[in-house]
Amino acid sequence: FDYNNQMNAYNAGIEAFDQQLDYNDLAAEISLGDNTRKFNEQLTEIGFKNEDLLDQLNWQTREMTQNLQANTAELATKAEGAKLESLQAAGKVRASGQTGRSARKGLQSVLAEAGTANKAIMDMYAKQEMSYGLQVDKSFKQATFNQRQLAESMKSASSQFESDLQHTQLQKLNANLAA
């Protein structure tokens, strides 16, 4: 009777052990699924951030290019206006009826003013182009920096996923040993 009771207890222990191992396997599988889901969510978030970053860079670059083109067109209009004004002023000097040295001085003065206006317009154009180049460089450097941050986030997420897997395996082993 004693032997049969010990055998029943032993068999019940083996059955409980098997059930506990099955439970441990299921718990590890659920934990693995949860960790995988979290990891995939992190990767998706990083992917969307990268896509948004590239979209912003594209829009910024297009906007800066459009602004440069508009400013260039405006400067071209100003240059054309300055050219017409200088032609009118030169025509007035010639039509004034003056001759000789004073006529040449007046014409030189008009041409000097036109040259000064043209130089100012060309300086504005050069400054705008430099500013455009600086803004584009700044945007690309910022985007590159942000992409490096996202790459590091991806590395960190991968490391965390591996750590979570190892932690799950350790918990399963601990539970199996306890069983």
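**Surface patch.** I looked for nonpolar patches in this predicted model and noted one of about 420 Å², made by Y3, M7, Y10 and I14. I then checked one of its members, Y10, which lies in helix α1. Y10 has a relative accessible area of 52%, so I list Y10 as exposed; the cut-off for that word is over 50%.

**Aromatic pair.** I searched the whole structure for aromatic pairs and found one. The ring centres of F39 and F161 are 4.6 Å apart and the planes meet at 20°, so I entered the pair as stacked; the limit for stacking is under 30 degrees. I looked up where the partners sit: F39 belongs to helix α1 (residues 2–95) and F161 to helix α2 (residues 101–178), so the pair ties together parts 122 residues apart in sequence. I also looked up their exposure. F39 is buried at a relative accessible area of 15%, and F161 is buried, also with a value of 15%.

**Overall form.** I counted two helices and zero strands in the protein. The radius of gyration is 40 Å, well over the 16 Å that the globule rule gives for 179 residues, so I describe the protein as more spread out than a compact globule. The C-alpha trace spans about 145 × 15 × 10 Å along its principal axes.

**Burial and contacts.** I found that 16% of the 179 residues count as buried. The protein exposes about 13600 Å², and 55% of that area comes from carbon and sulfur atoms. Among contacts with a separation of 6 or more, I noted that 88% join residues 24 or more positions apart.

Definitions and conventions. Residues are numbered from 1 along each chain as its sequence is written. This is a predicted model: local features need pLDDT of at least 70, side-chain atom pairs count only at pLDDT 80 or more; totals for chains, interfaces and linings use all residues. Side-chain values use heavy atoms; hydrogens and water are left out. Rings of Phe, Tyr and Trp (its six-membered ring) pair if their centres lie within 6.5 Å; planes under 30 degrees apart count as stacked, over 60 as edge-to-face and the rest as tilted. Helices (H or I, at least four residues) and strands (E, at least two) are DSSP runs, numbered from the N terminus. Buried means under 20% relative accessible area, exposed over 50%, partly exposed in between (1.4 Å probe, protein chains only). Patches are made of residues with over 30% relative accessible area and no salt bridge: like charges are joined within 9 Å, nonpolar side chains (Val, Leu, Ile, Met, Phe, Trp, Tyr) within 5 Å. Accessible areas come from the Shrake-Rupley method with a 1.4 Å probe; for residues, only the protein chains shown count as cover. A salt bridge is a side-chain nitrogen of Lys or Arg within 4 Å of a carboxyl oxygen of Asp or Glu. The radius of gyration is taken over C-alpha atoms; the globule rule is 2.2 Å times the number of residues to the power 0.38. Contact means heavy atoms within 4.5 Å.
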